[in-house]
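Work through the exercises below with the structure open beside you, and try each task before reading its solution.

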Amino acid sequence: MYNKIPLIALSLMTMLTFPSQSLAETVLERVARTGILNVSTRVDLVPYAYVNDEDKLVGYSVELIELIRETLSEEIGKDVQIKVIVDDTLDERISSLLNREVDIACDTTFTWQRDRFVDFSLAYGVSGIKVFVKEDNNLSSPDSFKNKRIAIIESVLSPEAIKVIESQVTVVNVDSIQAGIKAVEDGEVDGFAFDGTILEGTRQTLTNPDAYKVVPEESYFKHGIACMVPEQDSTFLNLVNLTIGKLMDGYIRGDSRYVEMVNRYFGENGIVPFEPARIKDFFEIMIITREQIPPEQ
């Protein structure tokens, strides 16, 4: 469904150029020495990581990173600061992890191809591919996309995936979320296929959101949203997974901090609402793949 990383050769060259880095400090060792956790992020992924009206970086993943920072501080017994590094493309994010320029990058879909170069955390959210279209059309079912022009970001979603939905669709490549949205606004394409949660969050930021919709109700393809960390650093990966597990367990148990955090983005009055039962079911499925989270002492 998803394309191979376009700069995979460059990534391999990076690994060969810096072989000693994987044998050097672990993330915990370096953070203990510097007091800084380097985080790669995007700033246009509503509701995961985005800049709000107050010019502040916010979002579900941003709050998750804060939880990870707290867990890390407790683990090393030292206050930890977050340094944000904006990487606009997936290639940049993976290269930053390979070079050990960053320690963690979230809001990423697991693929086996990407897993060759980085390690993935537990999924802390689930989404899928939907299509951003104008409100006044009848596009939704696979048949309705026949002979229509659909924009994609080819480094994220392969043309073959759209062809599975409708073999006679015309695929138009764009280089960013903003370009895909604008192509629909300008009538250059009939729809823009991307992560449905991000499309709905982005739709709400438009000056005329009601002129558009995100279809269909159920995603064409589903995928988990996870964090990437450097390979061969199981201690840090375990710490990240424990933090995600505590978030999920806290939501299920009704811990106000975690419930309020999730609801800010996905609750009834959140940016992209989901039924609480669906959130709880997903969290429970993820938790039972690991050890139960012990109660707070």
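**Exercise 1. Decide how helices α8 and α10 are oriented to each other, and describe their contact.**

Solution. The model is a predicted one, and the first step is to find the angle, which for helix α8 (residues 234-253) and helix α10 (residues 276-287) is about 135 degrees, with their axes 9 Å apart. The next step is to compare this angle with the cut-offs, by which angles over 145 degrees count as roughly antiparallel and 65 to 115 as roughly perpendicular, while the rest, apart from those under 35, count as oblique. α8 and α10 are therefore oblique to each other. In addition, α8 passes α10 in a left-handed crossing. The contact involves residues of both helices, including Gly 245, Met 248 and Tyr 251 of α8 and Pro 276, Ile 279 and Phe 283 of α10. Sorted by class, this contact of α8 with α10 has nine nonpolar, one polar and three charged residues.

**Exercise 2. Work out whether Phe 132 is buried or exposed, and find what it touches.**

Solution. Begin by placing the residue: Phe 132 belongs to strand β8, which covers residues 125-134. Because its relative accessible area is 0%, Phe 132 is buried. Leaving aside residues up to four places away in sequence, Phe 132 touches a set of residues that includes Ile 181, Val 184, Phe 192, Leu 199, Leu 206 and Val 214. As a last step, consider Gly 180, which is 48 residues from Phe 132 in sequence, although the C-alpha atoms of the two are 8.7 Å apart in space.

**Exercise 3. Asp 107 and Asn 147 each have a positive phi; state where each residue lies and whether it is buried or exposed.**

Solution. For Asp 107, phi is near 60 degrees, a positive value in a residue other than glycine, and the residue lies in strand β6 (residues 104-109). Its relative accessibility is 13%, so Asp 107 counts as buried, the cut-off being under 20%. For Asn 147, phi is near 65 degrees, and the residue is found in the loop between β8 and β9 (149-152). Because its relative accessible area is 54%, Asn 147 is exposed.

**Exercise 4. Locate the cis peptide bonds that precede Pro 47 and Pro 216.**

Solution. One cis peptide bond joins Val 46 and Pro 47, with omega about 10 degrees, and Pro 47 lies in the loop between β2 (44-45) and β3 (49-51). Another joins Val 215 and Pro 216, where omega is about -5 degrees, and Pro 216 sits in the loop between β12 (212-215) and β13 (222-230).

Notes. Residues are numbered from 1 along each chain as its sequence is written. This is a predicted model: local features need pLDDT of at least 70, side-chain atom pairs count only at pLDDT 80 or more; totals for chains, interfaces and linings use all residues. Side-chain values use heavy atoms; hydrogens and water are left out. Axes are lines fitted to C-alpha atoms, for helices over the stretch in contact, and angles run from 0 to 180 degrees between N-to-C directions. Helices (H or I, at least four residues) and strands (E, at least two) are DSSP runs, numbered from the N terminus. A crossing is left-handed if the near helix is turned anticlockwise from the far one by less than a right angle, and right-handed if clockwise. Contact means heavy atoms within 4.5 Å. Ala, Val, Leu, Ile, Met, Phe, Trp, Tyr, Cys and Pro count as nonpolar, Asp, Glu, Lys and Arg as charged, and the others, Gly among them, as polar. Buried means under 20% relative accessible area, exposed over 50%, partly exposed in between (1.4 Å probe, protein chains only).
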